[in-house]
Amino acid sequence: MSTTATPSIPSIPSDASAQMRAFLQAVKDTLEVREGRRSNSSTERNVTKAEINSVLSVSDISKVTLDTSALVSSTTVPESPHDLVVENKTFCNLLTWTNPTDTSVSHIEVWCAVYGQYRDDAKRIGIVTVTDALRGEKGTFSHTALDIRQSYTYWIRSISWSGNYSSWSPSDAQGGYVVAASIGSSITEVMAGMTGDGADGLPFVTGEIDGVESVGLSGNMVIDGSILTRMLAAGLVTADKVSATDVFTMNLQSGNYSSVSSGFKLDAINGTAEFNNIVFTINSLKQSAGWSELPESGADVTDYDAIASAYQAYADAVAEAEQVRADAYADG
């Protein structure tokens, strides 16, 4: 069958008026696009009936029909999910259900109402995609960031690729899935984990200390408010070095100690003792016990004033020596 030759499109006459040239240019542009004579000719041009007939091998295009039986109707209601179960977990509610096998289902919507059990009060809190691998399998959703003191009511439904909704699960006749406040179970699970009853249990125990419900260390490490252990601070303080009246240590210093400046330090390793800004008073010496054990002072042990004067003189000498030492240290 012969085909009609595409007519050529002549150039616009140069002697045409400006108005005529504009009109002819618009006509020329339209024809060139329709005939595929522009840069996008491979995708934008008119297709003739003869070209369609040659591709489809039919003589009458009106006889061509399409089989739409495989297409999903835009009004088809998808299958709903079922077997919804909600469990209290640690500070969350875990929802599980069985996904529909319907291939038109795109995802599952999760709705929830707090304080009440009416679906009109519910809000959508999540969307779970249903892949081909999950059709007919278990679906899950974890509702977090909730108030564990409140009860919650849940519904789920399917959404098809065309945007249609399934019926609710649980059904309207049954009502939503009500879950009581989870504060009790959340605290129980936390305590189970702390006391070693959980899978990741820690060495804690619960009980009374001095009559007060408390959490303590397991292994009889805490009894009646006292810590019973062989050592503290990685062996720096051990039980054989601390008793009711004595502390055995190689070094001892005050919290405000600064060399040649303030506080005191006793260094058993180097055999030194350093006291800074120590002040002796007569009253404190008089009231101190044990002066009778110091006869080498050369004074009458009953003469507290003499003893105080002697020790005051000693203290002054020590202070003067420390000042000289401090001045020498400051001068480098």
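Colleague: Why is R135 called buried?

Modeller: R135 has 13% relative accessibility, and buried means under 20% relative accessible area, exposed over 50%, partly exposed in between (1.4 Å probe, protein chains only), so R135 counts as buried. Bear in mind that this is a predicted model, where local features need pLDDT of at least 70, side-chain atom pairs count only at pLDDT 80 or more, and totals for chains, interfaces and linings use all residues. Residues are numbered from 1 along each chain as its sequence is written, and side-chain values use heavy atoms, with hydrogens and water left out.

Colleague: What makes D132 and R135 a salt bridge?

Modeller: Their side chains meet at 3.0 Å, N to O. The term asks for a side-chain nitrogen of Lys or Arg within 4 Å of a carboxyl oxygen of Asp or Glu, so the pair qualifies. D132 itself is exposed, because its relative accessibility is 63%.

Colleague: How many salt bridges does the whole structure hold?

Modeller: A search finds five. One of them joins R124 and E109, at 3.0 Å, N to O. That pair links distant parts of the chain, 15 residues apart: R124 sits in strand β4 (residues 123-129) and E109 in strand β3. Strands here are DSSP runs (E, at least two residues), numbered from the N terminus.

Colleague: Is E109 called buried or exposed, and why?

Modeller: Buried, because E109 has just 4% relative accessibility. Its partner R124 comes out at 46%, so R124 counts as partly exposed. Salt bridges that share partners also join E109, R124 and R157 into one network.

Colleague: What about R119 and D172?

Modeller: Their side chains meet at 2.4 Å, N to O, in another salt bridge. R119 lies in the loop between β3 and β4, D172 in the loop between β6 and β7 (177-179), 53 residues apart. D172 is called exposed because its relative accessible area is 55%, while R119, at 27%, is partly exposed.

Colleague: How many disulfides are there?

Modeller: Zero. To count, a pair of cysteine sulfur atoms would have to be within 2.5 Å. C92 is buried, because its relative accessible area is 11%, and C112 is buried too, at 7%.

Colleague: Which residues touch the most other members of the largest nonpolar core?

Modeller: L84, L95, W97, I108 and Y154, out of 17 residues. A nonpolar core is a set of buried Ala, Val, Leu, Ile, Met, Phe, Trp, Tyr and Cys residues joined through side-chain atoms within 4.5 Å. The largest share of this core, four residues, comes from β3.
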